[in-house]
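Welcome! Here are a few exercises to work through with the structure open beside you. Try each task before reading its solution.

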Amino acid sequence: MIAGVGNVLRGDDGFGVEALHRLDAALGGAPGVELFESGIAGISLVQQLFDGHDALVLLDAADRGAAPGTLFVLAPDPAAPLGPQGEHEPVDLHQANPRGVLRMAAVLGVLPRRTWIVCCQAADCDELGADLSPAVRAALPAAVERVLALLREVGAAAAGESGPHCLPQA
């Protein structure tokens, strides 16, 4: 499953959804790949994971202190404590905070063992009605290529487990 998260009405926060739309065009309905636009409703993504998936790629905007448009591919540990001294933050069922969504999915036993977050450093997610910034828009093709590479990796691993799987080549 590839999930695009974010608010398309808040500038660069729409990165995940726009990247998902571009992947939809690039994949052309590839068998075995499910695309899901969760927007800002994190619980809806967790509900989708109950269907069972070999892998999950989350697409999201980030604030990691890098230059706008910088891409990151993270393999998160949802069991890691979020707060100081090992305290866990509460999970907001309405928001799509990737850490909370992944933690909830892990607790419920529906988190795929191969999970990545492909995120892009945002320039601005505050202005209502704003479009993606030029730096984030320019990062979209590279983000698509990184996700396609992850899909090939998952396909190669699955082929070793149960036979060949076909995924588009970049």
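Two residues are in contact when heavy atoms of theirs lie within 4.5 Å. Keep that cut-off at hand, and remember that the model is a predicted one.

**Exercise 1. Find which residues Val 147 touches, leaving out those up to four places away in sequence, and place Val 147 in a core.**

Step 1. Apply the contact cut-off around Val 147: the partners are Ile 2, Leu 23, Val 57, Leu 59 and Val 118.

Step 2. Look at the largest nonpolar core, which has 28 residues. Val 147 is among the members that touch the most other members, together with Ile 2, Phe 15, Leu 23, Leu 27, Val 57 and Leu 59.

Step 3. Now see where this core comes from. H1, E3, E5 and H4 each supply at least two residues, and H4 gives the largest share, 10 residues.

Step 4. Do not stop at one core: a second, separate one has 18 residues, including Met 1, Ala 3, Val 46 and Leu 58.

**Exercise 2. Describe the surroundings of Leu 23: is Leu 23 buried or exposed, and which residues does it contact beyond four places in sequence?**

Step 1. Locate Leu 23 in helix H1, residues 15–27.

Step 2. Check the accessible area. Leu 23 has a relative value of 0%, so it is buried, the limit being under 20%.

Step 3. List the contacts: Ile 2, Leu 35, Leu 59, Val 144, Val 147 and Leu 148.

Step 4. Take Ile 2 from that list. Ile 2 and Leu 23 are 21 residues apart in sequence, while their C-alpha atoms are 8.9 Å apart in space.

**Exercise 3. Work out the order of the strands in the sheet and which helices pack on it.**

Step 1. Read across the open sheet of 5 strands: the order is E2-E1-E3-E5-E4, with mixed pairing.

Step 2. Look at the edges. E2 and E4 (71–74) each have a single partner strand, so one side of each is left without a neighbour in the sheet.

Step 3. Follow one pair. E1 (residues 2–5) runs parallel to E2, and 4 bridges join them; Ile 2 stands opposite Leu 35 in E2.

Step 4. Add the helices. H1 packs on the sheet, touching E1, E2, E3, E4 and E5, and its direction makes about 145 degrees with that of E1. Helix H2 (residues 42–49) also packs on the sheet, where it touches E1, E2 and E3; its direction makes about 155 degrees with that of E2.

**Exercise 4. Compare the settings of Ser 38 and Ser 133.**

Step 1. Place them: Ser 38 is in strand E2 (residues 35–39), whereas Ser 133 is in the loop between E5 and helix H4 (134–162).

Step 2. Classify them. Ser 38 is buried, at 7% relative accessible area, and Ser 133 is buried too, at 14%.

Step 3. Find their contacts beyond four places in sequence. Ser 38 touches Gly 4, Val 5, Ser 44 and Leu 45; Ser 133 touches Asp 12 and Ala 123.

**Exercise 5. How many disulfides does the model have?**

Step 1. Recall the cut-off: the two cysteine sulfur atoms must be within 2.5 Å.

Step 2. Test Cys 120. Its nearest cysteine sulfur, that of Cys 119, is 8.0 Å away, and Cys 120 is in no disulfide.

Step 3. Test Cys 125. The sulfur of Cys 120 is the nearest, at 9.5 Å, and Cys 125 is in no disulfide.

Step 4. State the count: 0 disulfides.

Definitions and conventions. Residues are numbered from 1 along each chain as its sequence is written. This is a predicted model: local features need pLDDT of at least 70, side-chain atom pairs count only at pLDDT 80 or more; totals for chains, interfaces and linings use all residues. Side-chain values use heavy atoms; hydrogens and water are left out. Buried means under 20% relative accessible area, exposed over 50%, partly exposed in between (1.4 Å probe, protein chains only). Two strands pair if DSSP finds at least two bridges between them. Axes are lines fitted to C-alpha atoms, for helices over the stretch in contact, and angles run from 0 to 180 degrees between N-to-C directions. A nonpolar core is a set of buried Ala, Val, Leu, Ile, Met, Phe, Trp, Tyr and Cys residues joined through side-chain atoms within 4.5 Å.
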